[in-house]
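The exercises below train the reading of a protein model, from its strands to single residues. Please work through each task before turning to its solution.

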Amino acid sequence: MNHAETPAIRIDGMTVRYGRRVAVDTASLTVPRGSVYALLGRNGAGKSSLVRCALGQQRATSGNTEVLGEDSWKHRTRLMERIGVVAEDADAPPEMRVQQLADFCASLYSRFDTKAFDARLDRFGIAKQTRFGDLSKGQKKQVSLALALATTPELIVLDDPTLGLDVVARKSLFDEVIAELADRGTTVFLTTHDLTGVEHIADRVAIMNDGRIVLEEELETLKARFRRIRFAAQPVALDAASFRTALVRNWGAGTEAIVSNYDDLAFERLRSNATIQSADVSAMSLEEIFIAVAGEKQ
């Protein structure tokens, strides 16, 4: 397998335990190079533990993890030169000025692009002499992103980067990620709660629930196979149409079903059934699919 074919991240059977608690349960996923890959999950699903192990910041209890073709635990120091990271909580000494942070990072990363960093700060409207502690939460995230991208990474990892940001700041951050992809084809691996924002940039998604990867596929394939079907009356003969239901609940006097293997022909056969008074189908957003798969069942 050549360099281009080697996945940016390959996780095979990762398990992470804290005492008796299992945070990550035999998780496996593959992040293709040049893609935008979104790992989705509710709080406590195990995303942060998986990310820490993928970055070599923590050793998994079992399983194998390769980043850019190398064991992420054995070669974690060497890999950091090739990976940019934006943590959930942007952190730096509050007294340090933004310029000092850039100078410090430039001393650590041989490919640090000072001009690119300065250009992003200008777009963000952040003065380089500002103390980090005086920045707003959104500005801290923007500085962290600018620093991460300035290292000219092959892979950038964003751990819930838009958490706590307003709409304008979220758009600005995602716009920078999109621009970086267009410029250099950097692989992006992110965890996020901002499903609306990520839906417009992600190529592939995984959904994590109670430590397990319950779904992993191309975003467009996922959206093509999930549909909401609403029936005017009950009961619903979904089994006869061979539909797999992710969720079934009451909808007024009728029933609403979320199916995960939608097919137009199967739906038309179902709708032509003499016992079905009315049935309507509609596409679903990524957020709606996520709620059906990982949300609380009603």
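Five exercises on this predicted model follow, each with a worked solution.

**Exercise 1. Confidence**

Task: State which elements of the protein chain have the lowest and the highest mean pLDDT.

Solution.
Step 1. Begin with the whole chain: its average pLDDT is 88, and 94% of the residues score at least 70.
Step 2. Turn to the elements. The lowest mean, 77, belongs to helix α6 (residues 167-184), and the highest, 97, to strand β1 (residues 9-18).

**Exercise 2. The open sheet**

Task: Determine the strand order of the open sheet of four strands, and explain why one side of β2 and of β5 has no neighbour in the sheet.

Solution.
Step 1. The order is β2-β1-β4-β5, and the pairing is antiparallel.
Step 2. β2 (21-31) and β5 (70-71) stand at the edges with a single partner strand each, so one side of each is left without a neighbour in the sheet.
Step 3. Examine one pair. Seven bridges connect β1 and β2 in the antiparallel sense, and Arg-10 is found opposite Thr-30 in β2.
Step 4. Recall the general principle: strands of a sheet pair through backbone hydrogen bonds, either parallel or antiparallel.

**Exercise 3. Helix α1**

Task: Describe where helix α1 lies, and decide whether it is largely enclosed or not.

Solution.
Step 1. Helix α1 (residues 47-54) lies across β1, β2 and β4 (62-67), and runs at about 120 degrees to β1.
Step 2. Apply the cut-off for buried residues, which is under 20% relative accessible area. Lys-47, Ser-49, Leu-50, Val-51, Cys-53 and Ala-54 of α1 are buried.
Step 3. These are six of the eight residues of α1, so the helix is largely enclosed by the rest of the structure.
Step 4. Follow the chain onward: Gly-56, just after α1, has a positive phi of about 75 degrees.

**Exercise 4. Strand β7 and its partners**

Task: Identify the strands joined to β7 by bridges, and establish which residues cover its two faces.

Solution.
Step 1. Strand β6 (residues 83-86) runs parallel to β7 and is joined to it by four bridges; here Ile-83 has Leu-155 as its bridge partner.
Step 2. Strand β8 (residues 187-191) also runs parallel to β7, with five bridges between them; Ile-156 stands opposite Val-188 in β8.
Step 3. Consider the faces. Leu-155, Val-157 and Asp-159 are buried on one side, and Ile-156 and Leu-158 are buried on the other.
Step 4. Five of the five residues of β7 (residues 155-159) are thus buried, and the strand is mostly covered.

**Exercise 5. Two buried residues**

Task: Decide whether Ile-9 and Arg-228 are buried or exposed, and list what surrounds them.

Solution.
Step 1. Ile-9 is placed in strand β1. Its relative accessible area is 2%, so Ile-9 is buried.
Step 2. Not counting residues up to four places away in sequence, Ile-9 touches Leu-29, Thr-30, Val-31, Glu-66, Val-67, Leu-155 and Phe-189.
Step 3. Arg-228 belongs to strand β11 (residues 227-231). With 11% relative accessibility, Arg-228 counts as buried.
Step 4. Beyond its neighbours within four places in sequence, Arg-228 is in contact with several residues, including Glu-256, Ile-258, Asp-280 and Glu-288. With Glu-288 there is a polar contact between side chains, at 3.2 Å.

Conventions:
Residues are numbered from 1 along each chain as its sequence is written. This is a predicted model: local features need pLDDT of at least 70, side-chain atom pairs count only at pLDDT 80 or more; totals for chains, interfaces and linings use all residues. Side-chain values use heavy atoms; hydrogens and water are left out. pLDDT is the predictor's confidence in each residue, from 0 to 100. Two strands pair if DSSP finds at least two bridges between them. Contact means heavy atoms within 4.5 Å. Axes are lines fitted to C-alpha atoms, for helices over the stretch in contact, and angles run from 0 to 180 degrees between N-to-C directions. Buried means under 20% relative accessible area, exposed over 50%, partly exposed in between (1.4 Å probe, protein chains only). A polar contact is a pair of N or O atoms within 3.5 Å; within protein, one must be able to donate a hydrogen and the other to accept it, and residues adjacent in sequence count only if both atoms are side-chain atoms.
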